[in-house]
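Work through the exercises below with the sequence and the model open. Each task is followed by a solution in steps.

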Amino acid sequence: IPCTISKTKARRQPLQPTSRRWGGKVAAAPTRAELHYQDETHLETNPYLQRLWHRRGIQPTIPAVGTNRRLTCFGSVASNGEGRVEVLCAHQDSAAFAVYLQALERRHTELDREIYLVLDNGPCHRSKASQAELAVRKNWLHVLWLPKYCPQLNLKEREWRLLKQDCRSHLARDLRTFVDEILAGLQRLGGQRQDILDAVPDWFLAGHRKPPTGRPPGRPHGT
């Protein structure tokens with residue numbers, strides 16, 4: 001019976017630069033470079049569900065709003081405790097990621113350090129617009145791509161639960177208080193230098209779900 005097993009060795013995938021490898025290099029020269037773990041999360045006006053004490057046999061109730069609203073936080077934390085870069089905005093798209101990169105660029109300009117940025121494979125990172133923004137900054141910004149479906153390798157993932165337990169465990173009085181509590185919670189995460197940007201648009205604070213178009217309310221009338 002002829003053997004159908006191929007003896008050709010499978011090609012090995014090229015090794016990708018890992019964050020652990022570059023973390024050692026950054027630790028050896030902390031004044032010249034920083035290693036940032038980046039991620040984003042959603043923060044809703046409805047309280048974050050978590051474990052709590054209650055009487056046995058009585059179902060606990062949590063107050064909620066009539067219409068749930070949501071913000072997105074783009075953030076990164078330095079591996080050596082040097083600080084963080086956080087941008088609070090209304091959408092999770094390439095334009096919001098570009099605002100985060102601008103905040104990261106201001107940090108690079110003021111500290112004069114190269115930055116190694118650990119990113120996952122989210123759509124807002126892999127889009128053409130985001131790839132163009134990363135290519136413009138390639139002289140000082142070095143991207144390290146994480147493997148797919150490996151959130152445990154991202155240090156920033158661990159901070160989101162602490163943030164939600166801290167500032168989103170109750171119902172805010174209004175949207176302005178909702179935003180201020182998130183910004184205060186980001187500051188309490190710690191770090192020597194904190195670059196926190198409030199990019200929440202006015203239309204969100206005014207109660208709109210989308211940017212106003214300027215047209216009068218209702219259906220347009222025909223001529």
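**Exercise 1: the loop after helix H2**

Arg113 is found in the loop that connects helix H2 (94-111) to strand S4 (114-119). The model is a predicted one.

Task: decide whether Arg113 is buried or exposed, and find which side chain Arg113 joins in a polar contact of 2.8 Å.

Solution.
Step 1. The relative accessible area of Arg113 is 15%.
Step 2. Buried means under 20%, so Arg113 is buried.
Step 3. The partner is Glu34: a polar contact of 2.8 Å links its side chain with that of Arg113.

**Exercise 2: positive phi angles**

Task: for Asp112 and Tyr149, state where each lies, what its phi is and whether it is buried or exposed.

Solution.
Step 1. Asp112 also sits in the loop between H2 and S4. Tyr149 belongs to the loop between strand S5 (141-145) and H5.
Step 2. Asp112 has a phi near 55°, which is positive in a residue other than glycine. For Tyr149, likewise not a glycine, phi is positive at about 60°.
Step 3. The cut-off for exposed is over 50% relative accessible area. Asp112, with 62%, is therefore exposed. Tyr149 has a relative accessibility of 79% and so counts as exposed.

**Exercise 3: the nonpolar cores**

Task: describe the largest nonpolar core, name the elements that supply at least two of its residues, and list what Phe204 touches beyond four places away in sequence.

Solution.
Step 1. The largest nonpolar core holds 18 residues, and those with the most contacts inside it are Leu71, Leu88, Phe178, Val179, Ile182 and Phe204.
Step 2. At least two residues of this core come from each of strand S2 (70-78), helix H5 (157-167), helix H6 (175-188) and helix H7 (202-205). H6 gives the most, six residues.
Step 3. Leaving out residues up to four places away in sequence, Phe204 touches Arg69, Arg70, Leu71, Leu175 and Phe178.
Step 4. There is also a second, separate core; it has 17 residues, among them Ala96, Tyr100, Ala103 and Leu117.

**Exercise 4: the whole chain**

Task: give the secondary structure count, the order of elements, the buried share and the share of contacts between residues 24 or more positions apart.

Solution.
Step 1. The chain has seven helices and six strands.
Step 2. Their order from the N terminus is α-β-β-β-α-β-α-α-β-α-α-β-α.
Step 3. Of its 223 residues, 38% count as buried.
Step 4. Among contacts with a separation of 6 or more, 69% are between residues 24 or more positions apart.

Technical notes:
Residues are numbered from 1 along each chain as its sequence is written. This is a predicted model: local features need pLDDT of at least 70, side-chain atom pairs count only at pLDDT 80 or more; totals for chains, interfaces and linings use all residues. Side-chain values use heavy atoms; hydrogens and water are left out. Helices (H or I, at least four residues) and strands (E, at least two) are DSSP runs, numbered from the N terminus. Buried means under 20% relative accessible area, exposed over 50%, partly exposed in between (1.4 Å probe, protein chains only). Contact means heavy atoms within 4.5 Å. A nonpolar core is a set of buried Ala, Val, Leu, Ile, Met, Phe, Trp, Tyr and Cys residues joined through side-chain atoms within 4.5 Å. A polar contact is a pair of N or O atoms within 3.5 Å; within protein, one must be able to donate a hydrogen and the other to accept it, and residues adjacent in sequence count only if both atoms are side-chain atoms.
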